[in-house]
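User: I'm new to this one. Could you walk me through it?
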Amino acid sequence: MSLKNNSSDSDADRENLWPPEARWLHAGIAAGVTIQLFSSLWMTPDWQHADYASFTQLLFSFHAWVGLTTALFLLWQWLWIATSAPVRRQFFPFMGPWHPIFNDLRLLLRGQLQAPGPASGLAALLHGLGLLLVSWMALTGTVIFFFLPQGGTPPGALLQNLIPLHKALSNLVWAYWIGHVGMFAVHLLRRDRILDIFRLGS
Ligand code: HEM
Ligand code: HEM
């Protein structure tokens, strides 16, 4: 696969492709959701004996607090989307323009990758869908938080109904994460300017 507009990350003087707001938002959301996915593999929410005596029980407490923090980053992301028309068009091009997406698809069919950056296109559309997906996790998780049993009481019926809603899309989040990190690796191998999004200082 070849790249359009390939350029090197070693060029230190050039401007970062992403505005600082996008970089901080990505740092919070990407780190938060990644921690949530991996903590969910080993945590045990033990409602009957919530004494946090084991590592896996502590991990559940960690999942809850990191989840709430990630929800705040997502709230910030949605406020940005709501107040900036260009950012809205980039992630959710429902009113168009559609040609950058078709153009990216045409490139892909020819075995080429679009150069990265915060612009409209296939990647941005998938990022928008990813944001919707993780926002569902954050929303359902936050509601769960308020109905967690206190003082070792058994979980109520409402909580029992909320948990399947939270779990329903978790495999899709894994699929998004694997695809997203996979594309990151492909761009990195091509020495594309992909690391800019992680540079928080400059
Ligand atoms: C599931 C967790 C993650 C979510 C929800 C997520 C979400 C996003 C979003 C919304 C963007 C677009 C940012 C913008 O243009 O303003 C983006 C871009 C990017 N993400 Fe993530 N991210 C996640 C995890 C990761 C991880 C773990 C890595 C790397 C190891 C990563 C690497 C990147 C890179 C390199 C870009 C720039 C791609 C481009 O625009 O061409 N992300 N991500
Ligand atoms: C961005 C935020 C969050 C993400 C991405 C996330 C992700 C996940 C994932 C992937 C699972 C595993 C689902 C499965 O086993 O199929 C899970 C389970 C769970 N999460 Fe979250 N979560 C988030 C926030 C929260 C919050 C704030 C809470 C509040 C306490 C929470 C409570 C739970 C509970 C109770 C389970 C079920 C555990 C079980 O029954 O084994 N989550 N979460």
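User: Which helix gives the most to the shell around ligand 2?
Analyst: H5 does, with seven residues; helices (H or I, at least four residues) are DSSP runs numbered from the N terminus. This is a predicted model, where local features need pLDDT of at least 70 and side-chain atom pairs count only at pLDDT 80 or more, while totals for chains, interfaces and linings use all residues. Residues are numbered from 1 along each chain as its sequence is written, and chains are lettered from A and ligands numbered from 1 in the order in which they are written.
User: Which residues come nearest to ligand 2?
Analyst: Gln36, Ser40, Ala64, Gly67 and Gly141, out of 24 around the ligand. A residue counts as near if its C-beta atom, placed from the backbone, lies within 6 Å.
User: And how does that shell split by class?
Analyst: It has 13 nonpolar, 10 polar and one charged residues. Ala, Val, Leu, Ile, Met, Phe, Trp, Tyr, Cys and Pro count as nonpolar, Asp, Glu, Lys and Arg as charged, and the others, Gly among them, as polar.
User: Different topic. At what angle do H5 and H7 pack?
Analyst: About 140°, with their axes 10 Å apart. Axes are lines fitted to C-alpha atoms, for helices over the stretch in contact, and angles run from 0 to 180 degrees between N-to-C directions. H5 and H7 are therefore oblique to each other; under 35 degrees is roughly parallel, over 145 roughly antiparallel, 65 to 115 roughly perpendicular, and the rest oblique.
User: What classes make up the contact of H5 with H7?
Analyst: Six nonpolar, two polar and no charged residues.

Note on methods:
Helices (H or I, at least four residues) and strands (E, at least two) are DSSP runs, numbered from the N terminus.
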